[in-house]
Amino acid sequence: MKYALISDVHANLPALEAVLEDIARRGIVATFHLGDLVGYAPWPNETVSMLFDAGIVGVAGNYDSTVATDYKHCGCHYDDPRQVELAHLSYEWTRQNVSAETKAALGALPFRLDLTPLGGHAAGPRIILVHATPTLNTVYWTEDRPADFSLKMAALAGAKKGDVIAFGHTHLPWTREIEGIHFINTGSVGRPKDGDWRAGYVVVDIEQGAVRTDFVRVEYDVDRAAEAIESSSLPSEFAENLRTGGRSANAQT
């Protein structure tokens, strides 16, 4: 069973369009998102509508839940004062430009989804989908976290050997297996931060107990996205971030 997992679209419609076209070309029929659908780019309503129309369900990212509840900030963390300022500008722009329908859709997203590839009528692996960690959608689960941290998260999620926990939030793709549990960061569709400007997603293939992970990068019309940001009242730094794959402003979101 193959699943396409996408995360952190961040209202980048051209990137999402390219990724969904690539997923369709591969013949994958089961696609799920891991949240942060909005923020940083000027297509929040179109992004949510496209996923809804395609029947793609998923979980709430920190940006989604904070916009939906009119929280005081996006739940992002920064050490750089300029990044703090940019985060507030993006958040306020997004709150002012989402429709009531989009806000309601974001508010309806669950915190977690569990997939049972073998149907659930017999014991088998699960794929646990969260945005950041099984406890909070604001914690950064980076590749350099010690194995003990990952195993603690797995225990809190009720994961067992053979299960998969998939998440995003850091915009940096990676995978690791610890004591038979598979941990997958899906990277970012709309705002990569690994120096590669191309949209990213992951294909998870589970067959006879084996888990295979394929990280995919897709070229898209990044100039269209960047120019739309520059034509809006969003900070122009967000356009440069897209063109450089996050290297110009490699801060957490």
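**Helix packing and strand pairing in the predicted model**

In this predicted model, helix 3, which spans residues 62-69, and helix 4, which spans residues 81-97, have axes that come within 10 Å and cross at roughly 55°. An angle that is neither under 35 degrees, nor over 145, nor from 65 to 115 counts as oblique, and helix 3 and helix 4 are therefore oblique to each other. The crossing in which helix 3 passes helix 4 is right-handed. On the side of helix 3, the contact is made by Tyr63, Thr66 and Val67, which meet Ala87, Ser90, Tyr91, Thr94 and Arg95 of helix 4. The residues of this contact comprise four that are nonpolar, three that are polar and one that is charged.

Turning to the strands, an open sheet is formed by five strands in the order 3-2-1-9-10, and the pairing within this sheet is mixed. Its edges are strand 3 (57-58) and strand 10 (210-218), each of which pairs on one side only. Within the sheet, strand 1 (residues 2-6) pairs with strand 2 (residues 31-33) in the parallel sense over three bridges, and Ile6 stands opposite His33 of strand 2.

A further parallel pairing, again over three bridges, joins strand 5 (residues 127-129) to strand 6, where Ile128 is placed opposite Ile165 of strand 6. The side chains of strand 6 (residues 164-167) point in two directions, with Val164 and Ala166 directed one way and Ile165 and Phe167 the other way, and all of these residues are buried.

Note on methods. Residues numbered from 1 in each chain as written. Predicted model: local features only at pLDDT ≥ 70, side-chain atom pairs only at ≥ 80, totals over all residues. Heavy atoms only, no water. Pairing = 2+ DSSP bridges. Helix = DSSP H or I, 4+ residues; strand = E, 2+ residues; numbered from the N terminus. Axes fitted to C-alpha atoms, helices over the stretch in contact; angles between N-to-C directions. Left-handed = near helix turned anticlockwise from the far one by under 90°. Contact = heavy atoms within 4.5 Å. Nonpolar A, V, L, I, M, F, W, Y, C, P; charged D, E, K, R; others polar. Buried < 20%, exposed > 50% of the residue type's maximum accessible area, 1.4 Å probe, protein only.
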